[in-house]
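Here are some exercises to work through with the sequence and model open beside you. Try each task on your own before reading its solution.

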Amino acid sequence: MSKEIIKIEDLKREFTMGTETVHALRGISFSIKEGEFVTIMGSSGSGKSTMLNILGCLDQPTSGTYEIDGVSMKDLSRNELATIRNEKIGFIFQSYNLLARTSAIENVELPLLYNSKVSTEERRERAIKALEMVGLGDRLDHTPSQLSGGQQQRVAIARSLVNNPVMILADEATGNLDTRTSYEIMSLFQELNKQGITITFVTHEPDIATFSSRTIVLKDGNIIQDYANNNVQSAADELAKLPKEQD
Amino acid sequence: MRLLNLLKIAYKAIVLNKVRTLLTMLGIIIGVASVIAMLAIGEGSKESIRSTISSMGSNMITIRPGTDDRGPARGSGGDVQTLTLKNYEVIKDKSTLLSYITPVVNGGGQVISGANNWPSTIYGVNPQYLEIKVVGLQSGSMFTDAEVKSASKVVILGQTVVDNVFPDGQDPVGQMIRFDNIPFKVIGVLEEKGENTFGQDQDDVVIAPYTTVQKRILAIDYLNQIMASAVSEDDAPDAVTEVTEILRSEHKLMDNEEDDFSVRSMEELISTFSSTSEMLTILLVAVASISLLIGGIGIMNIMYVSVKERTKEIGLRMAVGGKGSDILMQFLIEAILISITGGLLGVILGLSATVFIEKFLHWPTSVALYSIIISFAVCAVTGIFFGWYPAKKASALDPITALRYE
């Protein structure tokens, strides 16, 4: 039995908007084991973004417990949360969020800059390794404006890998990409998952879910579905089925 | 997060916005440069005043007749005839802190030699005058006490007078000249001293025994002033007090009466002029400081823009593990780096401006090390002070909001 990376029990998150209280999450429980590829789905207003913020240690629940890699999030300070994010989570965003006019390698090095245990040489080494993993070993010194959308997202994936996180957290990571490129990215995710990396993918696109091993569907702050996907599609195969790109 | 990493990040941010950073720095550059240049001009003029006055004899003490306030209207200083030869004798006998002393009478007149003539001032003094004024002779010799006693018609000329009445370059020593139609024999020429700070030509003088000037030219029996020299520069203030006391008792002044004379040491003159130029310096520096302040506000402004513009970047940095303090330091260091670089460029510009002023405007300048240190320190403080608030604001951002910021 592999260990649990994420353990959530009766998680609630409420926001106060003026006099009204909005229940974004109404008591959610689930856990994610090491090596899983989970998609969290839901339409807007389902509590998906709130879930993502809490999973990413950017926000804290109103009540309930959340443990990541055995560490409870309860009552952690802003700085302690920052350290958890730095050491345990790799973020990937819809709009890549790369630093403009900054080379790929420097972008990938960024999380390690905030980890004083990593030396300059080690930082560079690990960044190169991460970029090689996403297939950009020959574009270390390219700036985001010299890279395509897919390549930019690959840099972002390399950045999320560089700190050896226990989990990669992707927020609509293919939302800005065309079908072909998003399949390319998904096949990269599947490859990384095969190497044992735990991935949590937040999306509202149903076809993305077919590439994952498990899907959790949120609606109005509750989990309405949580199922294992017995028929995982290969993104690489889907990519091959697409009509050839016209020149 | 290590300081080196922060420096690298701040350096990158600055390099990525070269033009904007340079424009931001401009305020600081101009501020620092003008503070340094202004202080250099101020120091320079102060030094030049001091050196001129010192060259006139820094131990020198002058005693002048004061105003006459016994009548209904005050006369102007020097009009009255309260200083007499007897006063001179008494001061000479009684004072213990004076090394040289001479009576001085002076008047204007025309120096004539053959077809050439020149308007000048004749000073009637005794031989000690040369020691008091710290001036020597370039040729000839000074008149003697015996010549003073006999009111001999001998003169020493200043270089300007020589140039004008002996234009052919002949040796004036031994020649006869006339001053206001009275014939004099030239027995010496003063060393050239040039103009003093106040633009006065110190070589446009004729020197003769005071007895001769009193009796034969001015026909007066009082003195225009008494010049003396204190034993040392340090004794000058005490000598002033001593002379004042001697003269008060000699003039039989009551305790409630004001002095009817004035005693001044060069030291006082120096401090008077220094304080004037110091005031001016303070004023100039104040104006320059305002531009430094405006430069600081410029930094604050651009840091605000920078924080706003990079909200998303801040969100990302926080998401990947940047702590509030890391973000604070990043922006603070950026602000300090801008202000210090600006300060450095300002120092360079200020020094070149100073060289320029000295070379092309011929103003005396003197760069004080403290002015560089102070303006540089002010720069660093400006960076911290004006960079703090925007940086604090950046560090307090909520990572979720910052990440979603468009």
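The exercises below go from a sheet to a helix pair, then to two backbone angles, a chain's dimensions and a contact between chains.

This is a predicted model, in which local features need pLDDT of at least 70 and side-chain atom pairs count only at pLDDT 80 or more, while totals for chains, interfaces and linings use all residues. Residues are numbered from 1 along each chain as its sequence is written, and chains are lettered from A and ligands numbered from 1 in the order in which they are written.

**Exercise 1. Work out the order of the strands in the open sheet of chain A, and find its edges.**

Solution. Begin with the terms: helices (H or I, at least four residues) and strands (E, at least two) are DSSP runs, numbered from the N terminus. Two strands pair if DSSP finds at least two bridges between them. Following the pairs in chain A gives the order β2-β1-β4-β5, with antiparallel pairing. The edge strands of chain A, each paired on one side only, are β2 (20-33) and β5 (71-72). Next, look at β4 (residues 63-68) of chain A, which is joined to β5(A) by two bridges in the antiparallel sense. For E67(A), the bridge partner in β5(A) is S72(A). Finally, add helix α1 (residues 48-55) of chain A, which packs on the sheet and touches β1 (4-17), β2 and β4 of chain A. Contact here asks that C-beta atoms, placed from the backbone, lie within 7 Å. The direction of this helix makes about 125 degrees with that of β1(A); axes are lines fitted to C-alpha atoms, for helices over the stretch in contact, and angles run from 0 to 180 degrees between N-to-C directions.

**Exercise 2. Describe how α3(A) and α5(A) pack.**

Solution. Two packed helices are described by the angle between their axes and the distance between the axes. For α3 (residues 104-113) and α5 (residues 149-161) of chain A, the angle is about 35 degrees and the axes are 7 Å apart. Now list the residues: A104(A), N107(A), V108(A), L110(A) and P111(A) in α3(A) meet V155(A), A158(A) and R159(A) in α5(A). Sorted by class, the contact has six nonpolar, one polar and one charged residues (Ala, Val, Leu, Ile, Met, Phe, Trp, Tyr, Cys and Pro count as nonpolar, Asp, Glu, Lys and Arg as charged, and the others, Gly among them, as polar).

**Exercise 3. Where are D10(A) and N164(A) placed, and are they buried, partly exposed or exposed?**

Solution. A residue is buried if 20 or more other C-beta atoms lie within 10 Å of its own, exposed if 12 or fewer, and partly exposed in between, with C-beta atoms placed from the backbone. D10(A) belongs to strand β1 of chain A, and its phi is near 45 degrees, a positive value in a residue other than glycine. Because D10(A) has 13 C-beta neighbours inside 10 Å, it counts as partly exposed. N164(A) lies in the loop between α5 and β7 (167-171) of chain A, and phi of N164(A) is also near 45 degrees. N164(A) counts as exposed because it has 11 C-beta neighbours inside 10 Å.

**Exercise 4. Compare the radius of gyration of chain B with that of a compact globule.**

Solution. The radius is taken over C-alpha atoms, and the globule rule is 2.2 Å times the number of residues to the power 0.38. For 406 residues a compact globule would have a value near 22 Å, but chain B has 33 Å. The C-alpha trace of chain B spans about 105 × 60 × 40 Å along its principal axes.

**Exercise 5. How many residues of chain B are in contact with chain A?**

Solution. The count is 17 residues of chain B, in contact with 19 residues of chain A. On the chain B side, α10(B) gives the largest share, five residues.

Technical notes: Contact = placed C-beta atoms within 7 Å.
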